[in-house]
Amino acid sequence: MDTLRLGISVGTMTWMAQGDRLEAIHLERGLGPESPSSAPRSGVLREALFQWQHYLKAPDHCFDLPLAFPGTPFQQKVFAALREIPPGTVWTYGDLARVIGSAPRAVAGALRRNPYPVVVPCHRIVAVGHLGGYCGAVAGPMMTIKRWLLRHEGVKGILSS
C-alpha cells in the first residue's frame, strides 16, 4: 500500500492507495509535513496530491478520484449523495436522509464510517442548530478539522457551535 502524509494547520492527513484506487484517508491530531517528503509512487496519490493542492487554492474544487468504496450498499448510497453536495454548502442529517429515503440516525451511522473524509465531504453535514459530529467525534481535534474545512469553503454562522 502506498501512502501520502500531509499536514494542514489543524492536523495531519494520511492518504492510502492500493493499485489505482484510493483506499482511505485518516485524519489525525498533530501537524505533519505541509508538503510530502517525497513524491507519491502511485498515480492515484499523485493525483490526490494535485487535487488537494488545487482545493487549498480553490475551495470550490470537487474531488474526483477513483475510490475503492468499501461498505454496505446503504453506506455507498450515503457516500454517493455526499459527493453531490457543493462546496460551501451544508445540509443537515435530516436533509441527507430525505434525499436518500432514510432516517437521520442511519445517515449519521454511515457518516461515522466514511473512509474518505474531505474527498467524500461528510464535513458538510451538520445537525439542526449546531455542527453535529465529524469522523465519529463530537468534540476535540476532529471538530477542529471540520470547522477548518467549512471555513475554508466559506461557510459562516454555524461554526461557533
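Buried residues are those under 20% relative accessible area, exposed residues are over 50%, and partly exposed ones lie in between (1.4 Å probe, protein chains only). The structure is a predicted model, in which local features need pLDDT of at least 70 and side-chain atom pairs count only at pLDDT 80 or more, while totals for chains, interfaces and linings use all residues. Residues are numbered from 1 along each chain as its sequence is written, and side-chain values use heavy atoms, with hydrogens and water left out.

**View 1. The two faces of helix α3 (residues 93-100).** Helices (H or I, at least four residues) and strands (E, at least two) are DSSP runs, numbered from the N terminus. The buried residues of α3 are Tyr93, Gly94, Leu96, Ala97 and Ile100; seen down the helix axis, they fall within an arc of 160° and so line one face, the arc being that of the directions from the helix axis to the C-beta atoms. On the face turned away from this buried side, α3 carries the exposed residues Arg98 and Val99.

**View 2. Surroundings of helix α3.** The buried residues of α3 pack against α2 (73-82), β4 (91-92), α4 (104-112) and β5 (125-126), where contact means heavy atoms within 4.5 Å. Glycine 101, which follows α3, has a positive phi, near 75°.

**View 3. Contacts of tryptophan 52.** Leaving aside neighbours within four places in sequence, tryptophan 52 is in contact with Leu6, Ile8, Met13, Trp15, Phe63, Val118 and Trp148. The contact between helices α1 and α5 is made by Trp52, Tyr55 and Leu56 of α1 together with Trp148, Leu149 and His152 of α5.
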